[in-house]
Amino acid sequence: MRCPICNKGEMKPIKDTIKEDGIEFEAFKCSNCGEEIMDMKQLSNLANKYRKLRKAKEIVFSKWGNSIAVRIPSEIVEAYKIKSGGQGILTKDKHGIKIIPTTSHKSNKWKDSERIDETTGDVTDIAIMNFRKRTKNLKDIKLSLPIKIELSSN
Ligand SMILES: [Zn+2]
């Protein structure tokens, strides 16, 4: 396909990411002038990704003790293979809070799980597995989201 802008270059397929949103897209780029264009299919793919992103952003903050808990929508849970008991890192971002899942629960020795109230989203109960062994010489308990409980003896 010839470039419709400069009429000299060839339009070559590219894959890139919109850095601001972390959204990947496919387009065509001119080998001569650098103009980027999308066909209808590519544009609708991108629009779909933005629609999903916008939907995923609609979250509710709920009270959990003295803290605030966030419920992660199921499509995000699936997309990032987030498992209850898995680990993640919570960091501050230019736009807000960023959660980076680091491991799935497979690599976790203990599978703790939480029970969540369906209407309020509050965590009502936490099941700590193998507590006898783990609470031996217990000195510290660390809780983090997504549910990760660290029991340490030193
Ligand atoms: Zn061009």
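What share of the chain's contacts between residues at least 6 apart in sequence join residues at least 24 apart? The share is 31%, with two residues counted as in contact if their C-beta atoms, placed from the backbone, lie within 7 Å.

This is a predicted model, so local features need pLDDT of at least 70 and side-chain atom pairs count only at pLDDT 80 or more, while totals for chains, interfaces and linings use all residues. Residues are numbered from 1 along each chain as its sequence is written.

**View 1. The whole chain has 3 helices and 11 strands.** Helices (H or I, at least four residues) and strands (E, at least two) are DSSP runs, numbered from the N terminus. Going along the sequence, you get the pattern β-β-β-α-β-β-α-β-β-β-β-α-β-β. Of the 154 residues, 5% count as buried. Here, buried stands for 20 or more other C-beta atoms within 10 Å of a residue's own, exposed for 12 or fewer, and partly exposed for anything in between, with C-beta atoms placed from the backbone.

**View 2. Strands S1, S2 and S3 make an open sheet, in the order S1-S2-S3.** The pairing is antiparallel. Strand S1 (11-18) and strand S3 (36-37) sit at the edges with a single partner strand each, so one side of each is left without a neighbour in the sheet. Two strands count as paired if DSSP finds at least two bridges between them. S1 and S2 are joined by 8 bridges, and Lys 15 has Glu 26 in S2 as its bridge partner. On the other side, strand S2 (residues 23-30) is joined to S3 by 2 bridges, with Phe 28 opposite Ile 37 in S3. As a reminder for reading the side chains, those in a regular strand alternate between the two faces of the sheet.

**View 3. Each of the two turns in this sheet has a glycine with a positive phi.** The hairpin of S1 and S2 has 4 residues between the strands, and Gly 22 takes a positive phi near 70° there. In the hairpin of S2 and S3, 5 residues come between the strands. Its glycine is Gly 34, with a positive phi near 85°.

**View 4. Phe 25 in strand S2 and Gln 42 in helix H1 (residues 40-57) touch each other.** Phe 25 is partly exposed because 17 other C-beta atoms lie within 10 Å. Leaving aside residues up to four places away in sequence, Phe 25 touches Asp 16, Ile 18, Gln 42 and Leu 46. Its C-alpha atom is separated by 9.5 Å from that of Met 38, 13 residues apart along the chain. Now look from the helix: Gln 42 also counts as partly exposed, because it has 15 C-beta neighbours inside 10 Å. With the sequence cut-off of four places again applied, Gln 42 touches Phe 25, Glu 26 and Ala 27. Gln 42 and Ala 27 are 15 residues apart in sequence, yet their C-alpha atoms are 6.6 Å apart in space.

**View 5. Strands S4 and S5 form a hairpin with 2 residues between them.** Strand S4 (residues 61-64) and strand S5 (residues 67-70) run antiparallel and are joined by 4 bridges. Lys 63 stands opposite Ile 68 in S5. In the turn, Gly 65 has a positive phi of about 65°.

**View 6. Asn 7 and Lys 81 have positive phi without being glycines.** Most residues other than glycine have a negative phi. Asn 7 lies in the segment before S1 and has a phi of about 60°. It counts as exposed because it has 10 C-beta neighbours inside 10 Å. Lys 81 has a phi near 50°, and its place is in the loop between helix H2 (74-79) and strand S6 (87-92). With 12 C-beta neighbours inside 10 Å, Lys 81 counts as exposed.

**View 7. Over residues 105-110, pLDDT stays under 50.** pLDDT is the predictor's confidence in each residue, from 0 to 100. For this segment the model has 11 contacts beyond four places in sequence. Where pLDDT is low, the predicted coordinates should not be read in detail. For the chain, the mean pLDDT is 77, and 65% of its residues reach 70 or more.
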